[in-house]
Amino acid sequence: LFSWYQNELIPTKELKINFTDDITGQLRGFRIFTACVRFGSNKKIFKRKKHIKRLYKSAKSIKMKSPYSKTDLNKIIDSVVEKNKDYDGDIQFDIIFSGGKTSSDGFTPLGLSTLIILSVKPFDFPDKFFKEGMKLVTFAFQRPFANVKYTFYLPAIFAHLTIVKDQEADGIIFVDPNDNETILEGSSFNIFMINSNDQILTYPLNGKILKGITRSIVIKICEKFKDLEVLEQSFTKNELINSKEVFITSTTRDVMPVTNVDGFIINDGKPGKLTMELREALIEFRR
Ligand code: PDD
């Protein structure tokens, strides 16, 4: 697989980042990205336009200077996709804008951000997640600048090293630290629940979660193709535990069933019927 850095296409394994040219990104964490996937047989990045749009919107909202115009970035992405065209499997492209050169205190980016396109095999999730459903635990935290997709995952990783490990769970969901009960989003995914009236609920876009691209697609599939009612409204941990079905969404996970939250079994403890139908519908949609 080939990645892009400093005007060059290079084998991902040989990618070496120049640290001193990018102190704001590498040391201070002023760095945003989007993770998109070219699914095997398709040869095109799924929802590429939406990913690029979110990346530029993220940059604008934090006053980061984009390294290229959208048109030029698209040409570069074309060349990266082309260079990898003979690769058989799925490819995840992490398109990263990283802070760049800095003033002496390291807090003021001096020029444009740096572009890195990392081409990798997507994360491999165990089959068990789909067959038995995931076990998630809650963690009180709200991502700052939540509608920006940045590379700071320290709180989520800390939670994985502590509560996820201790409770032998598979991942975490953030609950609003202001009330300790409102479900926001996961470490790297959005979360949905289905209530007893078969209404599908997910947290609204009010600046406290990332506007996931898979979240938007799944909402559209529910409303347009499956005639299901989606309510973008908040719900509590208690409502989640007592719901009919729970699932999560992200670019690399598609739709994944959740069957246990904080040790409480959801419904009969099996992946939900609608959840698995939505998963199939999403996979079908991108064919
Ligand atoms: N994560 N929320 C957060 C905090 C995320 O990092 C992500 C994506 C999502 C889901 O967004 P989308 O549907 O656009 O992928 C929600 C990527 C996939 C990752 O880090 O693996």
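Helices (H or I, at least four residues) and strands (E, at least two) are taken here as DSSP runs, numbered from the N terminus. The model is a predicted one, so local features need pLDDT of at least 70 and side-chain atom pairs count only at pLDDT 80 or more, while totals for chains, interfaces and linings use all residues. Residues are numbered from 1 along each chain as its sequence is written.

Around the ligand sit 15 residues, and Ser188, Gly212, Ile213, Thr214 and Thr251 come nearest; a residue counts as near if its C-beta atom, placed from the backbone, lies within 6 Å. Helix H6 (213-225) and strand S12 (245-250) each give at least two residues to this shell, with H6 providing the largest share, three residues. By class, the shell has four nonpolar, eight polar and three charged residues; Ala, Val, Leu, Ile, Met, Phe, Trp, Tyr, Cys and Pro count as nonpolar, Asp, Glu, Lys and Arg as charged, and the others, Gly among them, as polar.

Next comes the two-domain layout. An automatic or database assignment splits the chain into domain 1 (2-120) and domain 2 (128-285), whose C-alpha centres lie 27 Å apart. Their contact (C-beta atoms, placed from the backbone, within 7 Å) takes 16 residues from domain 1 and nine residues from domain 2. On the domain 1 side, S3 and helix H2 (48-61) each give two or more residues, and S3 supplies the largest share, seven residues.

Strand S3 (residues 31-38) also pairs with S4 in the antiparallel sense over eight bridges, where pairing takes at least two DSSP bridges. Within it, Cys36 has Phe93 of S4 as its bridge partner.

How values were computed
Two residues are in contact if their C-beta atoms, placed from the backbone, lie within 7 Å.
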